[in-house]
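Reader: I should like to go through this model systematically, from its overall make-up to individual residues. Could you take my questions in turn?

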Amino acid sequence: MIHYNREGGPLHIKSYNFAIRIVKMFLHFTDNDWKLQAIYKQVLRSGTSISANVHESEFAQSPSDFISKLHIALKEANETMNWLNLLHDTGYLNDKGFESMAQDGSEVIALLVSSIKTIKKNNPIKN
């Protein structure tokens with residue numbers, strides 16, 4: 001097992017802080033309209049999964065496993081952005097809230113992409 005200790009790194013911090021914001025947003029939304037519970041639960045699941053996969057990657061068994069965990073986090077981040085856009089475009093997330101969440105989500109995505117590229121460059125996958 002390879003330990004990629006990134007606990008104090010920007011990706012670790014930003015993905016965790018983004019998860020906190022997602023939870024707080026979810027708690028706010030659940031008071032507003034029970035008819036959208038399914039969507040709220042989806043954004044909660046995908047938005048918190050990003051940080052969970054980043055944390056999981058820290059104890060990857062190999063560089064390939066590390067990359068895989070970060071790819072999963074990237075997919076979850078992309079899904080979260082979809083839900084945020086949907087909530088915004090349907091009027092359930094105001095402009096200010098959306099812009100702030102989208103900015104944070106975009107930063108997490110950029111960090112994930114950069115991390116994946118760096119680990120691939122430094123640890124070429126052998127066929």
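Author: The answers below concern a predicted model.

Reader: How many helices and how many strands are there in the protein?

Author: From the N terminus on, the elements run α-α-α-α. The count is therefore, with helices taken as DSSP runs of H or I, four helices and zero strands.

Reader: What percentage of the residues of the protein count as buried?

Author: A residue counts as buried when its relative accessible area is under 20%. Of the 127 residues in the protein, the proportion meeting that criterion is 38%.

Reader: What share of the contacts with a separation of 6 or more comes from residues 24 or more positions apart?

Author: One example of two residues far apart in sequence is P10 and L111, 101 residues apart, with a C-alpha to C-alpha distance of 7.7 Å. For the contacts of the protein with a separation of 6 or more, the share from residues 24 or more positions apart is 77%.

Reader: Which residues touch the most other members of the largest nonpolar core?

Author: In soluble globular proteins, nonpolar side chains tend to be buried together. In this model the largest nonpolar core has 30 residues, and those touching the most other members are M25, L84 and L112.

Reader: Which helix supplies the largest share of this core?

Author: Helix 1 (10–29), helix 2 (37–57), helix 3 (63–89) and helix 4 (95–122) each supply at least two residues of the core. The largest share is 10 residues, and it comes from helix 3.

Reader: Leaving aside neighbours within four places in sequence, which residues are in contact with M25?

Author: M25 is one of the residues that touch the most other members of the core. It also takes part in the contact between helix 1 and helix 3, as does L84. With neighbours within four places left aside, the residues in contact with M25 are V43, L84, L93 and M101.

Reader: Is helix 1 roughly parallel or antiparallel to helix 2?

Author: The axes of helix 1 and helix 2 are 8 Å apart, and the helices pack at an angle of about 160°. Angles over 145 degrees count as roughly antiparallel, so helix 1 is, relative to helix 2, roughly antiparallel.

Reader: Is the crossing of helix 1 and helix 2 left-handed or right-handed?

Author: The contact between the two helices includes F18, I22 and M25 of helix 1 and V43, G47 and S51 of helix 2. As helix 1 passes helix 2, the crossing is left-handed.

Reader: Is helix 2 roughly parallel or antiparallel to helix 3?

Author: The axes of helix 2 and helix 3 come within 8 Å and cross at roughly 155°. Their crossing is left-handed. Since angles over 145 degrees count as roughly antiparallel, helix 2 is, relative to helix 3, roughly antiparallel.

Reader: How far apart are the axes of helix 1 and helix 3?

Author: Helix 1 passes helix 3 in a left-handed crossing. The contact is made by L11, F18, I22, M25 and F29 of helix 1 and L70, T80, L84 and L87 of helix 3. The two helices pack at an angle of about 35°, and the distance between their axes is 13 Å.

Reader: Is S46 buried or exposed?

Author: S46 is found in helix 2. Not counting residues up to four places away in sequence, S46 touches E76, E79, T80 and W83. Its relative accessibility is 0%, and the cut-off for burial is under 20%, so S46 counts as buried.

Reader: Which residues does S51 touch, not counting those up to four places away in sequence?

Author: S51 is found in helix 2. With a relative accessible area of 5%, S51 is buried. Outside the excluded sequence neighbours, S51 touches S15, Y16 and A19.

Reader: The side chain of which residue is joined to that of E58 by a polar contact?

Author: E58 lies in the loop between helix 2 and helix 3. It counts as buried because its relative accessibility is 4%. The polar contact has a length of 2.7 Å, and the side chain joined to that of E58 belongs to H12.

Reader: Is P10 buried or exposed?

Author: P10 is found in helix 1. Its relative accessible area is 53%, and values over 50% count as exposed, so P10 is exposed.

Key
Residues numbered from 1 in each chain as written. Predicted model: local features only at pLDDT ≥ 70, side-chain atom pairs only at ≥ 80, totals over all residues. Heavy atoms only, no water. Core = buried A, V, L, I, M, F, W, Y, C linked by side-chain atoms within 4.5 Å. Buried < 20%, exposed > 50% of the residue type's maximum accessible area, 1.4 Å probe, protein only. Contact = heavy atoms within 4.5 Å. Polar contact = N/O pair within 3.5 Å; in protein donor to acceptor, adjacent residues only side chain to side chain. Axes fitted to C-alpha atoms, helices over the stretch in contact; angles between N-to-C directions. Parallel < 35°, antiparallel > 145°, perpendicular 65-115°, else oblique. Left-handed = near helix turned anticlockwise from the far one by under 90°.
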